[in-house]
Amino acid sequence: MKLNEIIPINIPIYNTCLWVFFGSKENCANALQKNGLSERAAKAFLAEVNDEQCNGVYIYNKEENVALLWISKIPVTINEYATLVHEIEHTVFYLFERIGIQHTRESDEAYAYMQGYLFAEIDCRISELREQENKETE
């Protein structure tokens, strides 16, 4: 796994995968196409993301069944991690909406577990990216 590549996060219990990307929206669009997303869908992603107003976004492309969590950079500060957690919340909400699980008192625990799972998986990949960056700079 390298910077500027799609990071797949498998969610086996719901038979789905979340693509995560850290970096510029242009590099993300290129990586999306390298992973099989159509040029049209990649351009739609570029048009939807206003990186001057946000540092992250969750997007789901129904036509190509691709869920993407885009964050402008690998988080380091607490505010950058807060952006990641914020976007993970959107991810969980829309994932569950797609599979027909409404957010209620009864489903609240499932939402919380999924948010924790995604954060742990993504944070693990962040650690791997940092290790690789450190090896490349040595």
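In this predicted model, strand 1 and strand 2 form a hairpin, with 4 residues between them. Within the turn, Asn15 has a positive phi of about 50°. The two strands run antiparallel and are joined by 5 bridges. One place to see this pairing is Pro8, which stands opposite Trp19 of strand 2. Strands of a sheet pair through backbone hydrogen bonds, and the pairing can be either parallel or antiparallel.

Strand 2 also pairs with strand 4: here the two run parallel, again with 5 bridges. Trp19 comes up once more, since this residue stands opposite Leu68 in strand 4. Taken together, 4 strands make an open sheet in the order 1-2-4-3, and the pairing is mixed. Which strands stand at the edges? They are strand 1 and strand 3; each has a single partner strand, so one side of each is left without a neighbour in the sheet. On average, neighbouring strands of this sheet are turned by 20° against each other, direction ignored.

A closer look at strand 1 shows how its side chains are arranged. In a regular strand, side chains alternate between the two faces of the sheet. Strand 1 follows such a pattern: Ile7, Ile9 and Ile11 point to one face and are buried, whereas Pro8 and Asn10 point to the other face and are not buried. At the other edge of the sheet, strand 3 spans residues 56-61 and includes Asn61. Is Asn61 buried or exposed? With a relative accessible area of 19%, Asn61 counts as buried, because the cut-off for buried is under 20%. Apart from neighbours within four places in sequence, Asn61 is in contact with Ala41 and Val66.

The helices can be followed in pairs. Helix 1 (residues 25-34) and helix 2 (residues 39-48) pack with their axes 9 Å apart, at an angle of about 160°. Helix 1 and helix 2 are therefore roughly antiparallel to each other, and their crossing is right-handed. On the side of helix 1, Lys25, Glu26, Cys28, Ala29, Leu32 and Gln33 make the contact, and on the side of helix 2 the residues are Glu39, Ala42, Phe45 and Leu46.

Helix 3 and helix 4 form another packed pair, at an angle of about 135° and with axes 9 Å apart. Helix 3 and helix 4 are therefore oblique to each other, and helix 3 passes helix 4 in a right-handed crossing. Among the residues making this contact are Tyr81, Leu84, Ile88 and Phe96 of helix 3, together with Tyr111, Met114, Leu118, Ile122 and Arg130 of helix 4.

Strands and helices come together in the nonpolar cores. The largest core has 23 residues, and the members that touch the most other members are Leu18, Val20, Phe22, Leu69, Leu84, Leu118 and Ile122. Two or more residues each come from strand 1 (7-11), strand 2 (16-22), strand 4 (66-71), helix 3 (78-99) and helix 4 (108-137). What does Leu18 contact, leaving aside its neighbours within four places in sequence? The contacts include Ile7, Ile9 and Ile11, the residues of strand 1 that point to one face and are buried. Leu18 is also in contact with Pro8, Tyr58, Ala67, Leu68, Leu69, Thr91 and Leu118. A second, separate core contains 17 residues, including Cys28, Leu37, Val49 and Ile59.

Technical notes:
Residues numbered from 1 in each chain as written. Predicted model: local features only at pLDDT ≥ 70, side-chain atom pairs only at ≥ 80, totals over all residues. Heavy atoms only, no water. Core = buried A, V, L, I, M, F, W, Y, C linked by side-chain atoms within 4.5 Å. Buried < 20%, exposed > 50% of the residue type's maximum accessible area, 1.4 Å probe, protein only. Contact = heavy atoms within 4.5 Å. Pairing = 2+ DSSP bridges. Axes fitted to C-alpha atoms, helices over the stretch in contact; angles between N-to-C directions. Parallel < 35°, antiparallel > 145°, perpendicular 65-115°, else oblique. Left-handed = near helix turned anticlockwise from the far one by under 90°.
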